[in-house]
Each structure stands twice: as structure tokens, then as C-alpha cells.
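Work through the following exercises with the sequence and the coordinates side by side. Each task is followed by a solution in steps.

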Amino acid sequence: MRPGRRLKGARRLLPIVQLRGGDGSPRQCSSVGKLCCLVLCCSPLLSSALGFPGARARLAAMWFAPLLLGAFLLSSPVRGSDGSASTAITCFTRGLDLRKETEDVLCPANCPLWQFYVFGDGVYASLSSVCGAAIHRGVITNAGGAVRVQTLPGQENYPAVNANGIQSQVLARWASSFSVTRTKNTALESVGRSVSTARPSTGKRPKKPLDKKAGNKDCKADIAFLIDGSYNIGQRRFNLQKNFVGKVAVMLGIGTEGPHVGVVQASEHPKIEFYLKNFTAAKEVLFAIKELGFIGGNSNTGKALKHTAQKFFSLENGARKGIPKIIVVFLDGWPSDDIEEAGIVAREFGVNVFIVSVAKPTTEELGMVQDIGFVDKAVCRNNGFFSYQMPTWFGTTKYVKPLVQKLCSHEQMLCSKTCYNSVNIGFLIDGSSSIGESNFRLVLEFISNVAKAFEISDIGSKIAAVQFTYDQRTEFSFTDYTTKEKVLSAIRNIRYMSGGTATGDAISFTTRNVFGPVKDGANKNFLVVLTDGQSYDDVRGPAAAAQKAGITVFSVGIAWAPLDDLKDMASEPRESHTFFTREFTGLEQMVPDIIRGICKDFLDSKQ
């Protein structure tokens, strides 16, 4: 064998080589396109070098061919027919993990469809899996392939559509979106520059290593591991469970500014093993988990879940304000008690419940299960995200990373208390004769558009409405309607009163009769006063009393409403709680500002 001259532009260390086969004829192999030739066509020489005789030599050469070809491909970026480089991604890479407005990516094969989280149809929220969206759209199949991802602005109302084996989910709004299309890239191998889902690459080496003491700042969460300590699991599997929980805890990146974890053991009676405040280093947590002792007893998971939701996440025990609260329930088999009520309590306390179930009941065992739908009734939302299934406690390492990715996906913690699901908003509506029927309809439309932004439910946000002239009429209270559809219908059905304007009396009436029954509840209270003119009575005193009762007041004036009255009613700072428009048609433009104002006040109250 003698090396030939190097082909211009060829990769280093891969010159043209000329080989002679067993018959003495020359065989020439080039650097890139003919790498297979170097291995397969020149098999006699390769086999001789490897020391394999006869037929075994040809077999050995064919066995080494894909290895050498794969080594070459992994050393170079994948390029399509148009010369553009593609980025290899994982099954879990989301749109928000990509950095370019338009990027060609390669999805791997055989991604588990049930683990995809996709929001929308055609246009997808950026927290969706890129590969999941591509399969959902029909751009690729589960065999993987090349996809072009185009970044798009955020939008509202991402729909839920079942397509190509993937059920996408509804999302009210998201800050950014993306679309997926086919590319000209013909390479199907998932090689090249890998993108990390947890920490998107910027292409630069970080200047400093991860601060282990601070922990993973991208995964701030307060997490309680509710482990199974019942006779269902037994001592041996209990130890395997501890090993799995320890691996999850380490991968989370526990630290002072990252995730904090604690452990509760469920059996006959719940036992808090350690709180969030006890350890802030992964090694300490791992040691504490290893030292846990098996209790035994009935599997009263519901009792333990309720106790954990009510008692574990207090400030005294180390819970942090504004940080998602999560309970991960490990369940071997099925619970001995009712778990549905515990799930409701957890949601009321703003806790996101995950259930990791192992060894689901067999067909013969289903008769012993109190409620076969216990998982769906206990988790935060029955959308597949909060439930996690493992077939056995053996060989669980591969399940660690997907679970950690779920726990660090804060945007999907739908049960966390937010301004959208934790407020009471009362609308005080001027029904005086100066408004008129057509303008009154515009006022109701404004109220509906504000209400649409919030997650209205029996344990979420609530809406009430009062109309006033010289008299007051409660159109509906906070407890009358617990779904958004019913609230919007009730707003549409409000009938115009017509009369004078006594705004001060109306504020006092609303504070006493509408907010009074909910003053001790968990939700933050807001009052939006809408008026088009001068009040015949004092507004300053009643507004001050409402604010003293914990109600944040926004004043919205139209047409002839005096600015002094509006400011006297509004909460501090008055400039950001006072709104005015000359025309009733201008109300529509105020909707986003009112919503942002409510959310800002809510977040400020949690600091």
C-alpha cells in the first residue's frame, strides 16, 4: 500500500490510498464518498491486517465497516443536499431549546410517543417537543428524520388535536411558537451537534463550572418525595426505591439556589423523614435517603398525600415563596385508602402532584383495588404529564432523566398558584342612564375579555359582578359559577338597569356582600370599578375601607368620569391602578393592561 497525493479539500488523515487486492489489481479508495470502499472493497487487505484467514476475514471486514463509517460520520456535521448543517437533537428537545430563528434538526428514531408533550396544531407552543410536533404534523414518522424548525411569535388558544398517534394538548397562551416543515436534508442518521434539553448549548465553553453549592438554578422547585413504606413494597423493593430516589435527587442538582427536597414515608401513618430546610447539598440528601428505615403497614397513600400537602410546605419547614411545590408519590401496587380527596386538597394548596406507579395491578388483582382510576384522580392534571409508569424496581436508571426533566419543566406545573388561577376579581359596573344600552354592551364585552384570561374553577380564580345606579344589584357572586363558560354566559345575560350614579355606596355594598364571604380565602382579591361620570356621593372613604379589607382597586373611567374620583378610588400607586378612555370603544385596548396589572400586584404580594 502506498499513500497517494492528498485530494484538495479532503479531510485531514483521509488521503486517497491505493491498494492491491489478492489478484494484484489496483483498488483506489477516496476520502469521503468511498470510505466504504476502503473497508468493504479492500476486504482482503483489511482481513490480512487483522489476522483473520479465509471466509472469516471477509466477515470481519464487513463487521468493521459500519464501525469505521460511523466513526467518520460522528467526527463531522451532518449536511443536507443544499450544504446546510443539521443539528442532532433528542426526543425531549423543545422549541425553546433551539437558538436560531430557522434551524434544521435531526430527530432520532423510536422516540416513545407517550412521552411527547405537544401543545397546538400546525403552530406549536415553544415548550412542545420538536420531534413530537414533527410526528404530529406528519413531517416525519417515528423512524426519525430531518426537520426544519421556524421560530414564530407567541399566541393564544393552542388547540388540542389527535394526529399520527400523538394527542396534542390545549394551552391558553405562550410567549413563543414554532412550526415544522420538511427539509432537503437527506441524511437520516442522528449525528452531529447534540442539543441538550436541560441546558441548551450556546456554542461556547462556560467560563465557570457549575456552582455545586448553588445547584441547578434552572430547576428551582420545592419537592417532597412521598415514598412507599408499606407491606406492598417489602424491604427488598424498598431499598431499590431508595436507590432510585437518590439518583433522581442527585440529577436534579440540589443546591441553595436550586431544587430543595424532603422525604415523607407512607405506610399506616405518614412519617416526615426530613424537611426541605434540612439539607441543601446532594451528598447530604443522598446519605439521608440511604439511612431511611422501612416501616411497613398498610398503604395509606391518600392519608400521607393529604398530610404532606397540608403540613410539609410551610415557611417554617423550608418552603420558599414563589417556587413551585411538587409532591412525587411513589406507589408500588395500589393505595389502601381514598386518594381522590387528597388530590383535591393538594390542588387547593397549589401543590403539583406526580404519581410514579410501579407494578400496576394485574387483571386478577383489579378486584382488590378500591378505585382503578386512582392515578388520574390524584395527579395535578389528568393529561399524561403528571403520571409516570415503571414496570419494575429493577433496571430503573433509564427512567431517572425523563422524570427529572418533568420535575424541572416549571412551565407545565399547572397547579402552582399563579395570578391566573389564584385571584378573585369583582367587577363593579355603572348602570346609570348616561351610558345607554349599546355602550353598556361594550362594557360587558370588556369584562368578558378580562375574565377569559383567568383559569376559573372551584379551586381556581373566581369572578363576581355588581351593577349599580342609586341602588345596587349583585348579578352573580364568586360562588355562583365555577367554570369559565358559565361565567361568560352570566356576563352576557346582565340586563342594563339605568338610573343615577352612587359609586361610593356601591363600593361599600360590594366590599361587604361580595368580598366579605371570601375574605379569609387563599385567593387575592381585586375590584375593577367601571364608571362614566361623577358620583353623587363620596368615593374616597368606601375605597379606603375596601383597600383596608385587602382588596386591590382598579378604577376605569370613560367619557365624563372625573380623574380625581378615579384616583381617589384606585389603590397605590394610583398611576398604575387608574385607567381612562374618552370613548367606550377604547375599553378593548385596556384589557391587556388590566390583566398585567392584576398579575403584577399578585406577584408583588408573593415577594
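The exercises below deal with backbone geometry, helix burial and charged pairs.

The model is predicted, so that local features are reported at pLDDT of at least 70 and side-chain atom pairs at pLDDT 80 or more, while totals for chains, interfaces and linings use all residues. Residues are numbered from 1 along each chain as its sequence is written, and side-chain values use heavy atoms, with hydrogens and water left out.

**Exercise 1. Backbone geometry**

Task: Determine the state of the peptide bond from E572 to P573, and the sign of phi at N110.

Solution: As background, most residues other than glycine have a negative phi, and most peptide bonds are trans. The bond from E572 to P573 has omega near -10° and is cis; P573 itself sits in the loop between α15 (563-569) and α16 (574-577), where helices (H or I, at least four residues) and strands (E, at least two) are DSSP runs numbered from the N terminus. Turning to N110, its phi is positive, near 60°, and N110 belongs to the loop between β6 (102-107) and β7 (120-121). N110 counts as exposed because its relative accessibility is 64%, given that buried means under 20% relative accessible area, exposed over 50%, and partly exposed in between (1.4 Å probe, protein chains only).

**Exercise 2. Helix α4**

Task: Establish how far helix α4 (residues 130-137) is enclosed, and describe what lies at its two ends.

Solution: Seven of the eight residues of α4 are buried, so the helix is largely enclosed by the rest of the structure; among them are V130, C131 and I135. At the start of α4, a side-chain oxygen of S129 comes to within 3.5 Å of the backbone nitrogen of C131. After the helix comes G138, with a positive phi near 85°.

**Exercise 3. Charged pairs**

Task: Locate the partners of the salt bridge between R237 and D332, and then those of the bridge between D593 and R596.

Solution: A salt bridge is a side-chain nitrogen of Lys or Arg within 4 Å of a carboxyl oxygen of Asp or Glu, and by this rule the count is 13. R237 and D332 meet at 3.1 Å, N to O. This pair links distant parts of the chain, 95 residues apart, with R237 in helix α5 (residues 234-252) and D332 in strand β16 (residues 325-332). R237 is partly exposed at 30%, whereas D332 is buried at 5%. For D593 and R596, the N to O distance is 2.6 Å, and both residues lie in helix α17 (residues 587-606), three residues apart, about one turn of the helix.

Definitions and conventions
Polar contact = N/O pair within 3.5 Å; in protein donor to acceptor, adjacent residues only side chain to side chain.
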